[in-house]
Amino acid sequence: MQQGERLKKMKAPNVLSLQASSFSAVLLFALFSHNARTGDSGSQVRHASSTRIDIVESSGDLREALQEKPPLHFGSSHEAGLTIEVNDSVKYQQIDGFGASITDSSAWLLSQKLTPAQRTALLKRLFDNKQGIGLAILRQPMGSSDFSLADCSYDDVPHGESDPELKHFTIDRDRQYILPVLREALAVNPKLKIIASPWSPPGWMKTSGSMIGGTLLPSSFTPLARYFVRFVQSYEAAGVPIFAVTPQNEPRNIPGDYPGMGMTAEEQTVFIREHLGPAFRDAHLKTKIMAFDHNWDLIDFPDRILSDLKAAGFSAGTATHCYGGSPEAQTKLHNHFPAKGIWLTECSGGEWQKGNLLVAEADLIIETTRNWGQSVVLWNLALDQNHAPHLGGCTNCRGVVTIDHSQSPATVIPTVDFTALAHASKFVAPGALRIDSVASEESPLKHVAFRNTDGSIVLLALNPSESATTLSIAWQGQYATYTLQPGAVVTFHWQQKSRTRH
């Protein structure tokens with residue numbers, strides 16, 4: 001990721017100071033127990049014929065994080081003022097899920113700095129939908145990134161040598177702690193979708209002869225396609241199936257102090273069309289290929305790839321990042337190629353951010369999905385108290401959780417990213433469809449709605465303004481009224497009355 005772009009795009013940290021014990025006992029208690037609440041018997045009688053709306057809210061200062069609020073019930077009365085109409089007969093894209101990246105650094109922290117009991121508890125908090133927040137997507141670097149302990153690929157040979165037959169290919173380094181942690185996460189959520197991206201192919205494939213800098217040698221297009229096939233096959237054999245790959249992380253960014261590689265749209269078109277796509281086809285791999293994997297302001301790059309019919313035939317769609325431009329670029333791309341998917345695969349927050357972070361992170365989720373995003377994937381799942389370990393690049397990025405190992409035992413500190421993700425990932429299940437939500441008038445509120453495969457409805461709303469806003473939710477001719485405080489985020493969740501709740 002590019003530091004200059006990051007500085008222009010994002011806004012600021014407000015990390016929660018919670019010990020590991022309060023992580024489960026305070027932050028998550030209300031959220032994970034809300035399904036068990038039945039309310040008083042009088043309330044049940046009064047609302048026996050109406051649909052109940054469960055509510056979870058977080059305040060802008062995070063003094064209240066993921067707090068269950070008293071439920072609402074739909075009724076016939078409609079107060080004047082702002083109305084958000086939810087229409088589940090109008091359907092948009094399918095949602096694959098929300099998540100982050102178990103980078104080399106994250107895996108090392110989870111494996112080496114937490115006890116087995118701590119790690120098991122944390123993975124349940126992150127990936128289990130009942131006991132946790134139900135993260136459903138991981139994006140895994142193929143080899144080193146800027147958040148790694150060492151500079152390496154899966155086929156390293158002495159400088160000046162090459163290995164086009166991939167005789168030295170091995171994922172053995174990943175067997176130390178990356179693959180074990182991934183298998184633990186998959187044991188918690190067997191339906192996890194894993195997207196893999198290289199920051200750099202082996203140095204011998206590049207003009208620089210190094211993992212840092214350079215472009216792909218013309219002679220390396222075919223070996224690199226084989227490299228992807230070997231990776232997917234090796235990971236699957238190790239118990240970690242790969243949902244999708246991208247050809248190159250941030251192909252228009254060539255970092256000077258950590259692995260990376262430049263790749264033009266024309267080069268990526270040729271690589272997908274003539275090498276990677278046919279290699280996956282011939283190996284009978286079901287793994288998807290997502291083009292691009294870079295910023296919204298460079299959206300002409302995937303536009304050129306998907307305009308090539310043969311390359312498009314091998315491409316499921318486009319992966320995007322948030323560090324330049326705006327999510328409306330995704331709608332522009334969708335309008336050009338409505339049959340192709342769009343996945344946001346990386347967006348990090350960090351110390352450079354200013355203002356209300358919950359607003360910034362919730363706005364990212366809402367606007368990305370309102371603009372056809374099928375996923376919202378943040379960057380590091382876990383970093384330590386020094387925003388480390390890292391090889392180069394970002395020295396002040398924020399993880400979804402912080403693992404503070406300055407004392408023993410280490411403590412787990414959920415950050416604002418955990419809270420923002422939970423407002424979506426806990427309630428919007430993979431396979432859900434985005435549905436229509438329309439405000440009756442000009443409004444400061446941001447919102448997006450979804451219908452899960454079980455028929456339940458989710459409305460996520462954000463109040464970025466400095467004053468409280470009262471809204472009415474309209475759905476199927478019924479109404480419910482709620483006041484959302486300034487800087488707060490709320491998730492409304494209700495089950496269709498005709499269906500049986502479990």
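Two residues are in contact when heavy atoms of theirs lie within 4.5 Å. The exercises below apply to a predicted model.

**Exercise 1.** Determine which residues F127 is in contact with, leaving aside its neighbours within four places in sequence, and where F127 belongs in the nonpolar interior.

*Solution.*
Step 1. With those sequence neighbours set aside, the contacts of F127 are I102, G134, L135, L138, A185, V188, N189, L192 and L381.
Step 2. F127 belongs to the largest nonpolar core, which has 110 residues. Together with Y235, F127 has the most contacts inside this core.
Step 3. Helix α8 (residues 221–237) supplies the largest share of this core, namely nine residues.
Step 4. Another core, of 23 residues, lies apart from it; F74, I84, A449 and L471 are among its members.

**Exercise 2.** Establish which strands pair with β20 and in which direction each pair runs.

*Solution.*
Step 1. Strand β3 (residues 83–94) is joined to β20 by three bridges, and the two run parallel. In this pairing, T83 stands opposite S472 of β20.
Step 2. Strand β21 (residues 478–484) is joined to β20 by seven bridges, and these two run antiparallel. Here T470 stands opposite T483 of β21.
Step 3. The hairpin of β20 and β21 has two residues between its strands, and Q476 there takes a positive phi near 50°.

**Exercise 3.** Explain why strand β20 is described as largely enclosed by the rest of the structure.

*Solution.*
Step 1. A residue counts as buried when its relative accessible area is under 20%.
Step 2. Of the seven residues of β20 (residues 469–475), six are buried; therefore the strand is largely enclosed by the rest of the structure.

Key. Residues numbered from 1 in each chain as written. Predicted model: local features only at pLDDT ≥ 70, side-chain atom pairs only at ≥ 80, totals over all residues. Heavy atoms only, no water. Buried < 20%, exposed > 50% of the residue type's maximum accessible area, 1.4 Å probe, protein only. Helix = DSSP H or I, 4+ residues; strand = E, 2+ residues; numbered from the N terminus. Pairing = 2+ DSSP bridges. Core = buried A, V, L, I, M, F, W, Y, C linked by side-chain atoms within 4.5 Å.
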